[in-house]
Amino acid sequence: DCVNLLSIPARLFINCPKIQICAGILSGCENLQKIPDRFLNTQKIINAYYAFADCDNLTYVGSDVLANIDPYATKDTGELNQVLCKTFFNDINLTSAPNFYKRFPDLPKYKVYGCYYDCKKLPFYNSLPYSWNNHAS
């Protein structure tokens, strides 16, 4: 439980190059306000399901966070392949975050549903297709 976590170092996992799954890594960190640039930006992430979800006070996620995410790394349609599903789910105060839709506009909904659910303060929120900001698959 990370309810009282206020900040995280940008290079927290710099010596962990083999991390591939960061599902739920900071979910529920209600007091976290910022995820800095360079956080998980060198690892080849294949699953960020619910990674930063339900962080009520989160306003900023660095533009290069999850820079090397690879939504094409796995081919199955199961849980492991929910690559960007609910990544920023319910982060109602988020005003800055990477726009993964811009990078991967053709991903099927089972890989992205709810990625930006209720992140209405993001400048690109209204341009997202339904699957990216809806919580149902």
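The legends below describe close-up views of a predicted model.

**Figure 1. Overall fold of the chain, with three helices and two strands.** From the start of the sequence to its end, the elements run in the pattern β-β-α-α-α. The C-alpha trace spans about 35 × 35 × 25 Å along its principal axes. The radius of gyration is 14 Å, which agrees with the value near 14 Å for a compact globule of 137 residues. Of the 137 residues, 47% are buried. Of the contacts between residues at least 6 apart in sequence, 78% join residues at least 24 apart. The accessible surface comes to about 6800 Å², and carbon and sulfur atoms account for 49% of that surface.

**Figure 2. The largest nonpolar core and Tyr116.** This core holds 37 residues. Ile35, Phe52, Leu66, Leu84, Phe88 and Tyr116 have the most contacts inside the core. Setting aside residues up to four places away in sequence, Tyr116 touches several aromatic residues, among them Phe88, Phe100, Tyr101, Phe124, Tyr125 and Trp132. Tyr116 also touches Pro98, Asn99, Leu122, Leu128 and Asn133. In soluble globular proteins, nonpolar side chains tend to be buried together.

**Figure 3. Lys111, a buried lysine without a salt bridge.** Lys111 lies in helix α2, which covers residues 109–112. The nearest side chain of opposite charge is that of Asp70, 7.3 Å away. A salt bridge requires a nitrogen-to-oxygen distance within 4 Å, so Lys111 and Asp70 do not form one. Beyond its neighbours within four places in sequence, Lys111 is in contact with Pro71, Tyr72 and Thr74. Further contacts of Lys111 are with Asn81, Gln82, Val83, Leu84 and Cys85. Leu84 is also one of the residues with the most contacts inside the largest nonpolar core.

**Figure 4. The salt bridge between Asp70 and Lys44.** Two salt bridges are found in the whole structure. In the bridge shown here, the closest N and O atoms of Lys44 and Asp70 are 3.4 Å apart. The pair links distant parts of the chain, 26 residues apart. Lys44 sits in the loop between β1 (34–35) and β2 (60–61), and Asp70 in the loop between β2 and α1 (100–103). Lys44 is partly exposed, with a relative accessible area of 45%.

**Figure 5. The salt bridge between Lys120 and Asp118.** The N-to-O distance between these two side chains is 3.5 Å. Lys120 has a relative accessibility of 56% and counts as exposed. Asp118, at 22%, counts as partly exposed.

**Figure 6. Leu66 and Asn90, two residues with positive phi.** Most residues other than glycine have a negative phi. Phi of Leu66 is near 60°, and that of Asn90 is about 65°. Leu66 is in the loop between β2 and α1, and Asn90 is also placed in the loop between β2 and α1. Leu66 is buried, with a relative accessible area of 0%, whereas Asn90 is partly exposed at 23%. Leu66 is also listed among the residues with the most contacts inside the largest nonpolar core.

**Figure 7. Asn126 in the loop between α2 and α3.** Helix α3 covers residues 130–133. Asn126 is exposed, with a relative accessible area of 74%. The C-alpha atoms of Asn126 and Phe89 are separated by 15 Å. These two residues are 37 residues apart along the chain.

Definitions and conventions: Residues numbered from 1 in each chain as written. Predicted model: local features only at pLDDT ≥ 70, side-chain atom pairs only at ≥ 80, totals over all residues. Heavy atoms only, no water. Helix = DSSP H or I, 4+ residues; strand = E, 2+ residues; numbered from the N terminus. Buried < 20%, exposed > 50% of the residue type's maximum accessible area, 1.4 Å probe, protein only. Lys, Arg positive; Asp, Glu negative; His and termini not counted. Contact = heavy atoms within 4.5 Å. Core = buried A, V, L, I, M, F, W, Y, C linked by side-chain atoms within 4.5 Å. Rg over C-alpha atoms; globule rule 2.2 N^0.38 Å. Areas by Shrake-Rupley, 256 points an atom, 1.4 Å probe, with all protein chains shown as cover.
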